[in-house]
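This report walks through one protein model, from its overall make-up to a few single residues. Please keep the structure in view while reading.

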Amino acid sequence: MVNSCRTCENCRAGQEQYCLKGDTLVCGAPDPAEPGAHTQGGYSEAIVAPEDFVVLVPETLDPAAAAPLLCAGITVYAPLKQFGARPGTKVAVVGLGGLGHLGVKMARAMGADVTVLSQSGNKREAAKALGADHCAVTGDGSAFTELANTFDIILNTVSAPVSLSDYLGMLRLHGTMVNVGVTTEPMPMAVFALLRIRADPRLRRPLPVRDRRRDLREAEAGMTGFHVDAVRGH
Ligand SMILES: [Zn+2]
């Protein structure tokens, strides 16, 4: 996100990603500042954006390590922070792709007990290497029974429909399932699954600029103990 109207109700509340006139995404979006033009992404050597949408990367952070924090990193950091991931909290991360592996690292850095929920057992070693405390296979459905009433937070990073009712059954009372893996397919859900736990399924969009700044400050201060394995180009 590189711009928004900054005058509507949501922008004034610091929730620019919900701009009622539509936020301007960094790539392929019509650019209100230049009618007829589209934004061209952030991979060039220089990019012009309003200062309200620019975050300062601390000098102590490797830019290559900081870059993922501004996209996938903030996407998983913000809900974990908002819903209270900390020592004593049980967090499940569904899926171990780009978002999922950062989710595991972030939740562990916040001190939570982390379980990776994966379709198959193929990623068990990778999950442990990232710091996950546990890994459970959901493919045969047994995990939904064995881990019923277990988690405070379920971070769903899968970009395909999942059985919400099954996952909600693994939440404890007042637990929260956050869906950051977005799919255009509908996901049916039995309302009874919500009533049992007063659960809270949420769909998030990228986070406000102020949260990105906080994310980077905490990374700089070592509060998250966060580490990114950057892949460098040549
Ligand atoms: Zn707005």
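Start in the core, at L80. Beyond its neighbours within four places in sequence, L80 is in contact with A85, V91, M106, A107, M110, I153 and L155. Several of these names return in the wider core. The largest nonpolar core has 45 residues, and those with the most contacts inside it are L80, V91, V93, A107, I154 and L155. In soluble globular proteins, nonpolar side chains tend to be buried together.

**Overall make-up**

The model is predicted. Its protein chain has nine helices and eight strands. The chain has 234 residues, and 36% of them count as buried. Contacts often span the sequence: among those between residues at least 6 apart, 56% join residues at least 24 apart.

**Helix α3 and its partner**

L80 belongs to the buried part of α3. How many residues of α3 are buried? Nine of the eleven are, so the helix is largely enclosed by the rest of the structure. The buried residues are A72, G73, I74, T75, V76, Y77, A78, P79 and L80. After α3 comes G84, with a positive phi near 85°.

Two packed helices are described by the angle between their axes and the distance between the axes. Here α3 covers residues 72-82 and α4 covers residues 98-109. They pack at an angle of about 45°, and their axes lie 9 Å apart. That angle makes α3 oblique to α4. The crossing of α3 past α4 is right-handed.

Which residues of α3 meet α4? On the α3 side they are A72, G73, T75, V76, Y77 and L80. On the α4 side they are G98, L99, L102, G103, M106 and A107. By type, the residues of this contact divide into eight nonpolar, four polar and no charged.

**A buried strand residue**

A136 sits in strand β5, residues 134-137. Is A136 buried or exposed? A136 counts as buried because it has 20 C-beta neighbours inside 10 Å, and the cut-off for buried is 20 or more. Leaving aside neighbours within four places in sequence, A136 is in contact with T115, L117, A143 and L147. A136 and V94 are 42 residues apart in sequence, with their C-alpha atoms 9.8 Å apart in space.

**Exposed residues**

Three exposed residues follow, with their locations and neighbour counts.

| Residue | Location | C-beta neighbours within 10 Å |
|---|---|---|
| N149 | loop between α6 (142-146) and β6 (151-156) | 12 C-beta neighbours |
| H174 | strand β7 (residues 171-179) | 10 C-beta neighbours |
| T184 | loop between β7 and α8 (191-197) | 6 C-beta neighbours |

N149 counts as exposed because it has 12 C-beta neighbours inside 10 Å, and the cut-off for exposed is 12 or fewer. N149 is not a glycine, yet its phi is positive, about 60°.

H174 also has a positive phi, near 65°, and is a residue other than glycine. H174 lies in strand β7. With 10 other C-beta atoms within 10 Å, H174 is exposed.

T184 is exposed too, with 6 C-beta neighbours inside 10 Å. What separates the C-alpha atoms of T184 and P161 in space? The separation is 8.5 Å, for two residues 23 apart along the chain.

Key
Residues are numbered from 1 along each chain as its sequence is written. This is a predicted model: local features need pLDDT of at least 70, side-chain atom pairs count only at pLDDT 80 or more; totals for chains, interfaces and linings use all residues. Helices (H or I, at least four residues) and strands (E, at least two) are DSSP runs, numbered from the N terminus. Two residues are in contact if their C-beta atoms, placed from the backbone, lie within 7 Å. A nonpolar core is a set of buried Ala, Val, Leu, Ile, Met, Phe, Trp, Tyr and Cys residues joined through C-beta atoms within 7 Å. Axes are lines fitted to C-alpha atoms, for helices over the stretch in contact, and angles run from 0 to 180 degrees between N-to-C directions. Angles under 35 degrees count as roughly parallel, over 145 as roughly antiparallel, 65 to 115 as roughly perpendicular and the rest as oblique. A crossing is left-handed if the near helix is turned anticlockwise from the far one by less than a right angle, and right-handed if clockwise. Ala, Val, Leu, Ile, Met, Phe, Trp, Tyr, Cys and Pro count as nonpolar, Asp, Glu, Lys and Arg as charged, and the others, Gly among them, as polar.
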